[in-house]
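Below is a set of questions and answers on one protein chain. Please look over the sequence and the structure before reading on.

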Amino acid sequence: MRTTPRPRRTRGIRRALTGALLAGLTLLTTASPAVADDPSASASPAGDEAGPTEAGTTFRTATALKQGQSGIAQASAGDYLYWVFPADAGQRPTVRATVKLPESAARRGTSAWQVDVYDGLRRRQACMYGHQTRKAAADAATVELSCVLRPVRSWSEPWANDPLPGSYYIRLTVVDLPAADLGLPVGVQVRTSIKEAGGSHDGDGTLSEPLVPGVSVASTNETGETGEADDGGASAAPRTVATGEPEDGWASGWWTDRWLWTVGGGVLAALAAVFGYSLTRGRGRPSHVPPGV
């Protein structure tokens with residue numbers, strides 16, 4: 001007598017595993033979208049907060065800007081103007097500057113303006129995109145400058161010049177100008193913006209402190225040599241009063257969206273192993289063959 005084979009669920013298992021694989025791939029592709037390397041891509045925050053109305057003349061007197069903040073200043077052609085803003089790991093800063101030139105009737109010729117960005121160690125950082133240096137014709141009313149920095153890394157080799165978390169200094173000045181035009185009044189506006197670059201640029205380590213001038217001294221003053229608070233219970237001044245810090249504080253360094261890729265990759269590997277086993281294990285003993293044969 002011929003027996004009817006028992007129903008098998010191999011197809012159902014394969015369909016379930018295939019659906020799980022597709023869901024995992026979708027999760028990975030949407031968890032960390034690729035950052036477009038387009039210099040024209042908008043990196044501005046939701047709102048542009050009004051900032052200070054003056055600029056420093058040295059690194060030590062640089063005017064502090066918050067992330068996404070604008071600053072204006074009135075100066076003379078030939079002055080060195082400085083601002084400073086914070087940038088954290090995984091962020092790609094962009095600096096834009098607009099110089100309003102004097103009336104063309106008062107100028108004697110063309111001029112060339114330049115914006116430079118330095119990190120907390122005062123190392124000049126290269127620009128990925130933008131117009132870092134531009135010439136202004138004798139009849140030009142304004143000149144626009146921009147610099148898109150490389151993504152800030154959480155850690156780097158000591159010999160490397162990679163951007164690291166901390167303060168970033170903006171220096172704006174004229175690099176070519178007729179001698180007769182020195183001292184003419186100019187108006188300047190600088191704008192900073194931050195774009196999240198994601199964990200693809202993270203390193204395998206973190207800095208003990210961000211590259212903010214005086215951060216080590218301020219940390220000591222907060223607790224004292226014995227680790228106790230100052231007399232009177234008054235809290236010490238924040239470490240970064242002069243340079244500011246991101247609104248949500250400096251990144252702790254342990255979290256990155258690379259964890260999502262690691263966990264997602266582990267899940268997909270487990271599902272692939274189960275799927276491969278279901279394909280290679282065979283159909284087992286046919287239902288019409290008695291046990292022990």
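## Strand β5 and its surroundings

Q: In which strand is glutamine 114 placed?
A: The model is a predicted one. Glutamine 114 has its place in strand β5, and β5 covers residues 111-118. The strand asked for is β5.

Q: Is glutamine 114 buried or exposed?
A: Glutamine 114 has a relative accessible area of 19%. Buried means under 20%, so glutamine 114 falls on the buried side of that cut-off. The class is buried.

Q: Which residue of β7 is the bridge partner of glutamine 114?
A: Strands β5 and β7 run antiparallel and are joined by four bridges. The side chain of glutamine 114 also makes a polar contact, at 2.9 Å, with the side chain of threonine 133. In β7, the bridge partner of glutamine 114 is threonine 133.

Q: What is the strand order of the open sheet of five strands?
A: The pairing in this sheet is mixed. β1 (63-64) and β7 (133-136) stand at the edges with a single partner strand each, so one side of each has no neighbour in the sheet. The order is β1-β3-β9-β5-β7.

Q: Which residues are linked with Asp116 in a network of salt bridges?
A: The side chain of aspartate 116 meets that of arginine 124 in a salt bridge, with N to O at 3.1 Å. Aspartate 116 also forms a salt bridge with arginine 171, here at 3.4 Å from N to O. The residues linked with Asp116 in the network are Arg124 and Arg171.

Q: How many residues apart are aspartate 116 and arginine 171?
A: Aspartate 116 and arginine 171 meet in a salt bridge. The pair links distant parts of the chain, with aspartate 116 in strand β5 and arginine 171 in strand β9 (residues 166-176). Both residues are buried. Their separation along the chain is 55 residues.

Q: Is arginine 124 buried or partly exposed?
A: Its salt-bridge partner aspartate 116 is buried, with a relative accessible area of 2%. Arginine 124 has a relative accessible area of 40%. Since partly exposed covers the range between under 20% and over 50%, the class of arginine 124 is partly exposed.

Q: Which residue forms a salt bridge with aspartate 162?
A: A search of the whole structure finds five salt bridges. In one of them, aspartate 162 is buried at 16% relative accessible area, whereas its partner is partly exposed at 28%. The closest N and O atoms of this pair are 3.1 Å apart. The partner is arginine 153.

Q: Which residues touch the most other members of the largest nonpolar core?
A: This core has 29 residues. The elements that give two or more residues to the core are β2 (70-76), β3 (81-87), β4, β5, β8 (142-149), β9 and β10 (185-196). Another core, of six residues, lies apart from it and includes Phe59 and Tyr118. In the largest core, the residues that touch the most other members are Trp83, Phe85, Trp113 and Leu172.

Q: Which residues does leucine 172 touch, not counting residues up to four places away in sequence?
A: Leucine 172 is a member of the largest nonpolar core. Glutamine 114, in strand β5, has leucine 172 among its own contacts. The residues that leucine 172 touches are Asp79, Tyr80, Leu81, Trp83, Ala97, Val99, Gln114, Val115, Leu145 and Val188.

Q: With which residues is proline 102 in contact, leaving aside neighbours within four places in sequence?
A: Proline 102 lies in the loop between β4 (91-100) and β5. With a relative accessible area of 15%, proline 102 is buried. Its contacts are Arg107, Leu184, Pro185 and Val186.

Q: Among contacts between residues at least 6 apart in sequence, what percentage join residues at least 24 apart?
A: The protein has three helices and ten strands, which run α-β-β-β-β-β-β-β-β-β-β-α-α from the N terminus on. Of its 293 residues, 36% are buried. Among the contacts in question, the share that joins residues at least 24 apart is 73%.

Key:
Residues are numbered from 1 along each chain as its sequence is written. This is a predicted model: local features need pLDDT of at least 70, side-chain atom pairs count only at pLDDT 80 or more; totals for chains, interfaces and linings use all residues. Side-chain values use heavy atoms; hydrogens and water are left out. A salt bridge is a side-chain nitrogen of Lys or Arg within 4 Å of a carboxyl oxygen of Asp or Glu. Buried means under 20% relative accessible area, exposed over 50%, partly exposed in between (1.4 Å probe, protein chains only). Contact means heavy atoms within 4.5 Å. A polar contact is a pair of N or O atoms within 3.5 Å; within protein, one must be able to donate a hydrogen and the other to accept it, and residues adjacent in sequence count only if both atoms are side-chain atoms. A nonpolar core is a set of buried Ala, Val, Leu, Ile, Met, Phe, Trp, Tyr and Cys residues joined through side-chain atoms within 4.5 Å. Two strands pair if DSSP finds at least two bridges between them.
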